[in-house]
Amino acid sequence: MSLCRNGPNVGVSVALALLLLLTALFASPPLAQAETEREAASAVVGVSPDTWRQVRSGEIGPNFRDSRADSTYNLINASGESWRQLRNRWVSPFGLIAIGGMIAVIAIFYVIVGRKDLSEPRTGRKLLRWPLVVRSIHWTVASLFIVLALSGLNLLYGKFVFRPLFGDAVWGAMISASKIAHNYLGPLFGILLVVLLARVLKHNWPKRHDLAWFKQGGGLVGKGHPDAGFANGGEKLWFWLLATAGLVVVASGLVLDFPNVGQSRDTMQWANIIHAVGALGLTAVALGHIYIGTIGSEGSLEAMTTGYVDETWAKDHHNLWYEEVKDQALPGDQLTGERAASDDRGETASRPG
Amino acid sequence: MAQMKFMCDAERCIECNGCVTACKNANDVEWGIQRRRVVTLDDGEPSEVSISVACMHCDDAPCMAVCPTDCFYKTDDGIVLHDKDLCIGCGYCLYACPFGAPQFPKQNAFGERGKMDKCTFCAGGPAESKEEEYEKYGSNRIAEGKLPLCAEMCSTKALLAGDAQTVADIFRQRVVQRGHSDGGWSGNQRRERERTRTGADLNQADSLAYDATRRG
């Protein structure tokens with residue numbers, strides 16, 4: 001029964017299969033054609049080259065979505081490349097030129113002109129210039145400045161020198177220490193710099209004779225000394241550089257140091273450029289400050305180490321100040337005993353008129 | 001040697017975030033870090049388009065150029081990797097990266113960044129042992145002869161990964177298949193007619209794709 005009933009069924013199945021195959025064979029080319037056209041017709045409508053150009057320029061439309069949690073990024077960080085070029089092509093080489101140039105200029109100057117000696121022998125009588133509190137803050141700020149400058153220079157140039165020189169293990173520890181020192185001592189430097197600037201502000205208000213001081217080049221070369229009060233033109237310039245560029249460097253540093261307060265990537269790019277330019281410039285100028293304060297002129301360093309200067313030095317470098325305070329000069333041998341007692345008195349008396 | 005590249009065909013991406021999930025799973029990345037992201041333009045509008053982004057392993061990688069520790073390196077396959085032992089978390093790579101690829105864990109005090117983390121093209125990174133490598137960088141599928149998991153798992157094959165030449169060939173074929181100029185970045189015949197009517201200057205690549213289908 002089942003055999004004879006199956007006969008026609010098989011025939012129908014085969015016929016159906018053949019028909020299907022034939023249909024498929026003949027229908028294929030037109031179907032494929034339709035497929036392509038359908039894909040074209042159903043393709044995304046409005047995305048034009050303009051859209052992608054907009055993306056490339058870093059613009060964000062109102063309906064921009066990013067699947068990353070709390071992402072504030074656009075699709076393309078257009079300013080990243082500008083930042084890279086500014087940093088690598090301009091800031092980095094010119095910073096090196098500024099600092100290297102400054103070192104060269106100072107070295108040549110020292111060789112040719114040499115130290116600025118006192119015009120007369122020391123009198124042995126001393127005048128109080130910097131009380132202990134100013135000296136303490138100065139040297140703390142100075143030490144921090146040097147640490148920050150060296151770690152900062154290492155962050156910018158270290159990889160070209162120390163990595164090939166010492167290998168990864170030493171370099172890794174070195175650069176990591178630089179970054180940690182830079183990031184944690186930076187804010188401390190900022191606070192102390194503000195304190196120091198506030199403390200010596202009274203000496204640094206510009207005066208008319210400062211202009212003459214600059215016209216004569218500060219008396220750096222030759223015998224003469226232009227007029228100067230407690231602070232001369234150069235010192236005032238350094239003060240105001242720190243009070244402007246210095247504070248900008250501190251502020252931009254804080255922007256970079258604490259990325260957890262919601263500042264954008266673009267803000268940090270600018271902060272980085274400003275920070276680097278300002279810091280490299282200040283480092284170059286600081287070299288001049290260090291030179292003049294140490295080997296560049298006789299009797300200057302003791303003002304910031306002992307707090308006292310010789311009468312001759314005061315007459316030479318700060319004649320107007322000397323005229324005010326000359327009656328307060330102390331014989332050098334009395335100093336050790338009297339220093340503590342006279343510290344406060346000397347500071348108030350030394351205020352310029 | 002191969003030059004490994006990612007390519008996301010925006011025409012095909014359906015914003016399923018499968019690549020993101022696959023990546024997180026393959027590399028066991030830290031909480032809060034998402035090496036791959038899906039960006040959607042004009043969300044909810046007719047022109048909506050999505051694209052999956054991660055490190056694009058640039059030829060001239062900006063991260064490499066600006067890194068103060070020089071912790072980046074390029075493998076023979078053109079994959080940009082970095083050494084987490086050298087990374088100091090300064091964030092410069094993030095400032096420079098065109099794609100927002102570098103990310104930093106945010107749990108440290110004073111907002112200090114941890115070691116940078118980014119897509120490794122599933123190629124791991126420098127480490128003493130396999131375990132250490134997995135711990136620091138995630139899986140090294142390249143060493144096993146496999147491509148990145150994000151691309152492998154992409155359901156619409158929008159995300160392609162592999163040798164630049166192969167990826168380019170596949171994409172070129174798709175563009176030709178789409179049968180209209182602008183197929184590379186989508187568009188349709190309606191706009192094509194519009195462009196012809198306004199006499200817009202079609203660039204050579206566009207015309208090539210167009211002519212190929214006409215002749216075929």
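Q: Two helices count as roughly antiparallel if the angle between their axes is over 145 degrees. With that in mind, what makes H5(A) and H7(A) roughly antiparallel to each other?
A: First, a heads-up: this is a predicted model. The axes of H5(A) and H7(A), the helix of residues 233-257 in chain A, cross at roughly 150° and come within 10 Å. Set that angle against the cut-off of 145 degrees, and H5(A) and H7(A) are therefore roughly antiparallel. As for handedness, H5(A) passes H7(A) in a left-handed crossing.

Q: Which residues make the contact between H5(A) and H7(A)?
A: From H5(A), they include Asn183(A), Gly186(A), Pro187(A) and Leu193(A). H7(A) brings residues such as Phe239(A), Leu242(A), Gly246(A) and Asp257(A). Sorted by class, the residues of this contact are nine nonpolar, five polar and one charged.

Q: Why is Lys116(A) called buried?
A: You count C-beta atoms around the residue, and 20 or more others within 10 Å is enough for "buried". Lys116(A) has 21 other C-beta atoms within 10 Å, so Lys116(A) is buried.

Q: Where does Lys116(A) sit, and which residues does it touch?
A: Look in the loop between H3 and strand E2 (125-128) of chain A. Leaving out residues up to four places away in sequence, Lys116(A) touches Leu220(A), Gly296(A), Ser297(A) and Glu298(A). Gly101(A) is 15 residues from Lys116(A) along the chain, and their C-alpha atoms are separated by 21 Å.

Q: Is Asp28(B) buried or exposed, and how do you know?
A: The cut-off for "exposed" is 12 or fewer C-beta neighbours within 10 Å. Asp28(B) has 11 inside that distance, so Asp28(B) counts as exposed. You'll find Asp28(B) in the loop between helix H1 (18-27) and E2 of chain B.

Q: And His57(B): buried or exposed?
A: His57(B) has 25 other C-beta atoms within 10 Å, so His57(B) is buried. The loop between E3 and helix H2 (62-66) of chain B is its place.

Q: What makes the phi angles of Asp28(B) and His57(B) worth a look?
A: Here's the background: most residues other than glycine have a negative phi. Asp28(B) has a phi near 50°, which is positive, and it isn't a glycine. His57(B), also not a glycine, has a positive phi near 50° too.

Q: What makes E1(A) and E2(B) a pair of strands?
A: Two strands pair if there are at least two bridges between them. E1(A) and E2(B), which covers residues 37-41 of chain B, pair over two bridges, in the antiparallel sense. In that pairing, Asp66(A) has Val39(B) as its bridge partner.

Q: How many bridges join E2(B) to E3(B)?
A: There are five, and these two strands run antiparallel. With a cut-off of at least two bridges, E2(B) and E3(B) count as paired as well. Val38(B) stands opposite Ser52(B), and Leu41(B) has Val49(B) as its bridge partner.

Q: What makes E1(A) and E3(B) edge strands?
A: The strands line up as E1(A)-E2(B)-E3(B), giving an open sheet of three strands with antiparallel pairing. E1(A) and E3(B) each pair on one side only, and that is what puts them at the edges.

Q: How do you know that both faces of E3(B) are covered?
A: A handy background point is that side chains in a regular strand alternate between the two faces of the sheet. On one side of E3(B) sit Val49(B), Ile51(B) and Val53(B), on the other Ser50(B) and Ser52(B), and all of them are buried. That is five buried residues out of five in this strand.

Q: What makes up the side of chain A that touches chain B?
A: In total, 51 residues of chain A are in contact with 49 residues of chain B. Several elements of chain A each supply at least two residues, among them helix H1 (2-41), strand E1 (65-66) and helix H8 (265-296). By class, this side of chain A has 21 nonpolar, 17 polar and 13 charged residues.

Q: How many helices and strands does each chain have, and what percentage of its residues is buried?
A: Chain A has 12 helices and four strands, and 26% of its 353 residues are buried. Chain B has eight helices and six strands, and 44% of its 216 residues count as buried.

How values were computed
Residues are numbered from 1 along each chain as its sequence is written. Chains are lettered from A and ligands numbered from 1 in the order in which they are written. This is a predicted model: local features need pLDDT of at least 70, side-chain atom pairs count only at pLDDT 80 or more; totals for chains, interfaces and linings use all residues. Two residues are in contact if their C-beta atoms, placed from the backbone, lie within 7 Å. Ala, Val, Leu, Ile, Met, Phe, Trp, Tyr, Cys and Pro count as nonpolar, Asp, Glu, Lys and Arg as charged, and the others, Gly among them, as polar. Axes are lines fitted to C-alpha atoms, for helices over the stretch in contact, and angles run from 0 to 180 degrees between N-to-C directions. Angles under 35 degrees count as roughly parallel, over 145 as roughly antiparallel, 65 to 115 as roughly perpendicular and the rest as oblique. A crossing is left-handed if the near helix is turned anticlockwise from the far one by less than a right angle, and right-handed if clockwise.
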